[in-house]
Amino acid sequence: MFCSTCGTQIPDGSVCPKCNPASATQGGLTGFAPPPPVQASTLPAGGFKVNNVVDNANLKMLESCGCFSVYEHQKDLSNTPDTAESAYFMEKMNVRKRQVLCQLQGNTIKMQAGALQWSCGAIESETGLGSGAKAIGGFLKNMVKSLITDESVVKPLYKGYGFVMLEPTYKYIIIEDIAKWGPAGVVLQDGLFLACDASLQEKVVSRKNLSSLIAGEGLFNLTLSGTGVAVFESPVPREELIEIELNGSELKIDGDMAIAWSNTLELTVERSSKTLIGSMVNGEGVVNVFRGTGKVWMTPTVDGTLMDDGEAPEESASKSIIGGIIDAVTD
């Protein structure tokens, strides 16, 4: 059938998404979706309304891009006398629950398995694995990806007209336009991916050599490329991220503080000094080295970045050398 107003071809019995798009109003989330209709006398057939979300004084929208919006619970209002004290100090220290709201208008998104909290409207979900033998092959392929990247075996697809709300998390949520990382895309640290537009291409890339095993790093990482928006779960807020741009240069990082980097960069794990003795003496052992042209997101304030007592500058030289030798052997 065709819309009587604009002439757009639409499924039989549905409401034209152009003439009646899903929208957020001050009184709540409203939208229109194909049948079955919601039985409510104050709503049109096929319509819905979700109250106490965008009109909730305790929910603050932090950022929005594409169909994704990040909402933060300013306070945890559901407390008991036993949890009130810890909840008070968590709120003061910016430890708050955050959720992602997705507004679908005929588009499709991909999410980590188990991330859905609720959906409203004409929302369909599928695994994206196909059917029959193709589904089995897709499942086995994704299982291999899951084993080597620590990602979920299946990332379900959600499409249609309406709203999808993700589960709350205490991590910091970052929305990123993947096109900003260039045609080659962005490489992600394990556990960073939360959701994205289904238009983005997803693949697994391997490190250039086996040196990553020396530093306890993985050999494979998830890469996103193409045009679309992705949502990340970061251990630190965007305000604490350091973005380093390289133009035929190199960056050395002691530890796994890099959570995302351009797929155009070469990543290796090398000794911190040119000589083995030098690496032992300086107490660093091995470092992650990025070379080429691109950019790196680094989290300098994550747990484990503080100087250990064994690395304090007031130590004697002999103790530092012994500690360096032990670190080089055990790393």
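**Salt bridges, cores and a hairpin: the reasons behind the labels**

Colleague: Why does arginine 291 count as partly exposed?

Modeller: Its relative accessibility is 29%. Buried means under 20%, exposed means over 50%, and partly exposed lies in between. So 29% makes arginine 291 partly exposed. Keep in mind that this is a predicted model.

Colleague: What makes arginine 291 and glutamate 250 a salt bridge?

Modeller: The closest N and O atoms are 3.0 Å apart. The cut-off is within 4 Å, from a Lys or Arg side-chain nitrogen to a carboxyl oxygen of Asp or Glu. The pair therefore qualifies. It links distant parts of the chain: glutamate 250 sits in strand β15, arginine 291 in strand β18, 41 residues apart.

Colleague: And glutamate 250, buried or exposed, or in between?

Modeller: Glutamate 250 has a relative accessible area of 38%, so it is partly exposed.

Colleague: How many salt bridges are there by this rule?

Modeller: The count is 12. One of them joins lysine 159 and glutamate 126, at 3.6 Å from N to O. That is within 4 Å, so the label holds.

Colleague: Why say that lysine 159 and glutamate 126 tie together parts of the chain?

Modeller: Because lysine 159 lies in strand β8 and glutamate 126 in strand β7, 33 residues apart in sequence. Lysine 159 is partly exposed at 30%, and glutamate 126 is partly exposed at 37%.

Colleague: What about glutamate 202 and lysine 155?

Modeller: Their side chains meet in a salt bridge at 3.3 Å, N to O. Glutamate 202 is in strand β12 and lysine 155 in the loop between α2 and β8, so the bridge ties together parts that are 47 residues apart.

Colleague: Why is lysine 155 called buried?

Modeller: Its relative accessibility is 10%. The limit for buried is under 20%, so lysine 155 passes. Glutamate 202, at 23%, counts as partly exposed.

Colleague: Which residues are linked in a network of salt bridges?

Modeller: Glu72, Glu91, Arg96 and Arg98.

Colleague: What makes the largest nonpolar core a core?

Modeller: A core is a set of buried nonpolar residues joined through side-chain atoms within 4.5 Å. This one has 32 residues, and Leu188 and Phe290 touch the most other members. Strands that each supply at least two residues include β10, β13, β15 and β18. A second, separate core has 19 residues, among them Cys67, Ala115, Leu166 and Leu194.

Colleague: Which residues does leucine 188 touch?

Modeller: Leaving out residues up to four places away in sequence, leucine 188 touches Phe193, Asn221, Leu222, Leu224, Phe232, Ile259 and Ala260.

Colleague: Why can valine 95 belong to a surface patch?

Modeller: Valine 95 is partly exposed at 32% relative accessibility. Patch residues need over 30%, so valine 95 meets that cut-off. Its partners in the nonpolar patch are Met93 and Tyr170, and together the three have about 300 Å² of accessible area. Valine 95 is placed in the loop between α1 and β6.

Colleague: How do you know that β4 and β5 pair?

Modeller: They share 6 bridges, in the antiparallel sense. Pairing takes at least two bridges, so the strands qualify. Leucine 59 has histidine 73 in β5 as its bridge partner. The two strands form a hairpin with 2 residues between them, and glycine 66 in the turn has a positive phi of about 60°.

Note on methods
Residues are numbered from 1 along each chain as its sequence is written. This is a predicted model: local features need pLDDT of at least 70, side-chain atom pairs count only at pLDDT 80 or more; totals for chains, interfaces and linings use all residues. Side-chain values use heavy atoms; hydrogens and water are left out. Buried means under 20% relative accessible area, exposed over 50%, partly exposed in between (1.4 Å probe, protein chains only). Helices (H or I, at least four residues) and strands (E, at least two) are DSSP runs, numbered from the N terminus. Contact means heavy atoms within 4.5 Å. Patches are made of residues with over 30% relative accessible area and no salt bridge: like charges are joined within 9 Å, nonpolar side chains (Val, Leu, Ile, Met, Phe, Trp, Tyr) within 5 Å. Accessible areas come from the Shrake-Rupley method with a 1.4 Å probe; for residues, only the protein chains shown count as cover.
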